[in-house]
Amino acid sequence: MITMEPQVEELTDVSPNIGAAYEITVFDKDGNVKQVIKDDAKCFVQNFLRLVRYWFVNANNVGDVGAPSGFKNLSGSVVQTTSALPPYNTIQFGSWLTNAGVGDLTRGIVAGSGSVAVTDDDYKLGSIITNGSGSGQLSYDSTVFNPVSIVGNTVTLTQMRMTSNFTVNPIVISEIGLYMLGIITIMTIRDILVPSITLGAGESALIAYKIIING
Amino acid sequence: MNIMKSGVVCNLHLSVTENGDIVWESKDKSHSFINNFAYLIQHGMDAQSNSDWRSISNGAYPASNYGGAIGYNGCVLAGMYIIGVVNDTTRGIIAGTSNTPFSVSQYDLQSPIVNGTGSGQMTYAAMAVSPAYPTFSSPDILLEVNRDMANNSGSAITIREIGLKGYPSYVTLGAFYPKIEVLFLRDVVADTVVNAGQVLNVKYILKTVVA
């Protein structure tokens, strides 16, 4: 028999395997870059881990039922879903989409005016800024994805979305988040912007989220 | 490597038991998910891109283009389906004997241990995932998957790598295609000896970290 000494030790490396960062580029009304903000994203909320669990147990074939998974919807209620519910050719198989179209706030990067600190139990933005050109509204463009980037053992997934202020008054963006659409909409990332961003009339902000997987 | 302050941390716990008593254990951070996991996320988010999955059989893409329209589920392999059953090495946590350094581009364990009681083989128990829906009682530990592997071979086996495999089918435009084995995560670990009659337990524990 071969014997080994116990090797239990406290973990010292707690850097995330999966993280995120955001980059916001503000353009003035003439299209010139006015401001660039870059930072680590502060919070994958619990829904993201629930999503990982969903992927783990999910099966996408008839007979492979998979296990039900629960998410918090935008109302904070836990909603159960499984991949094995017919019809089998719908998005409930596992796509949690962020590929928003113009004006679509059910998915993709969203902006808000809330300022309540982030917790990992958050399930929506504090106060989402709705789409439109009315008072206090932003015009959301569609999501744009970059190709998957692999540098060394780091894989980066980048998506971005332009938001524009077509109102006559400034709009303050103090939070951003990532909404994903399966059979319901869930929020998976939320960040508070400190300091906040002010978009003057005619100005725009290109908001990019990068999901980073470190090898 | 990017230094990030928040996100999801994946830890890897190994323990060796004999007659139910722990005789050895280690706790470390998992090295990482590999490219296949990244493509799972990306493909699920945009539902339009080609999938870049590499099957473990030969590292080749199982098909050239899985793009599809929303509603027809362009999401291919959207579920990983890691819940291996007893004696099942098509999915779940798998052990191996190679210490070839990690790379995100790998698509299989370098020397996986097959199921059985023969020389160099281990007997795989069923996978376990916790917590069970809908209990998410702790905000700190949200997801744990683990598996026992018993050494009934009669001789010591040295573990040097651990992986997490899925066994999903893929679908495009409503049609199903055969399942393929896909690796999502690989770790090279310090030599871990499992003597005859001992059981190796492997746990991956994922938690969120808020900056």
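The following exchange goes through the strands, sheets and nonpolar core of a predicted model.

Colleague: Which strands of chain A stand at the edges of the open sheet of three strands, and why is one side of each left without a neighbour?

Modeller: The sheet runs in the order E5-E9-E10 in chain A, its pairing is antiparallel, and the twist from one strand to the next averages 25°. A strand with a single partner has one side left without a neighbour in the sheet, and this applies to the edge strands, E5 (108-112) and E10 (185-199) of chain A.

Colleague: Over how many bridges do E9 and E10 of chain A pair, and which residue stands opposite A:Ile173?

Modeller: Strand E9 of chain A covers residues 171-181 and pairs with E10(A) in the antiparallel sense, over 10 bridges. Within E10(A), the residue opposite A:Ile173 is A:Ile197.

Colleague: How many helices and strands are there in chain B, and where does the helix fall in the run of elements?

Modeller: Chain B holds one helix and 12 strands. Read from the N terminus, its elements run β-β-β-α-β-β-β-β-β-β-β-β-β, which places the helix after strand E3.

Colleague: What share of the contacts in chain B between residues at least 6 apart in sequence joins residues at least 24 apart?

Modeller: Chain B has 211 residues, of which 46% count as buried. For contacts between residues at least 6 apart in sequence, the share that joins residues at least 24 apart is 69%.

Colleague: Which strands are the edge strands of the open sheet of four strands in chain B, and which residue stands opposite B:Thr158?

Modeller: The order of this antiparallel sheet is E3-E11-E8-E4 in chain B, and its edge strands, each pairing on one side only, are E3 (32-33) and E4 (92-96). Strands E8 (residues 157-166) and E11 (residues 182-194) of chain B pair in the antiparallel sense over nine bridges. In E11(B), the residue opposite B:Thr158 is B:Val193.

Colleague: Which element gives the largest share of the largest nonpolar core, and which residues does B:Phe37 touch?

Modeller: In soluble globular proteins, nonpolar side chains tend to be buried together. The largest nonpolar core here has 100 residues, and those with the most contacts inside it include A:Ile173, B:Phe37 and B:Phe184. Its largest share, eight residues, comes from helix H1 (residues 46-57) of chain A. Leaving aside residues up to four places away in sequence, B:Phe37 touches A:Ile213, B:Phe184 and B:Leu185.

How values were computed: Residues numbered from 1 in each chain as written. Chains lettered and ligands numbered in written order. Predicted model: local features only at pLDDT ≥ 70, side-chain atom pairs only at ≥ 80, totals over all residues. Pairing = 2+ DSSP bridges. Helix = DSSP H or I, 4+ residues; strand = E, 2+ residues; numbered from the N terminus. Axes fitted to C-alpha atoms, helices over the stretch in contact; angles between N-to-C directions. Buried ≥ 20, exposed ≤ 12 C-beta atoms within 10 Å, placed from the backbone. Contact = placed C-beta atoms within 7 Å. Core = buried A, V, L, I, M, F, W, Y, C linked by C-beta atoms within 7 Å.
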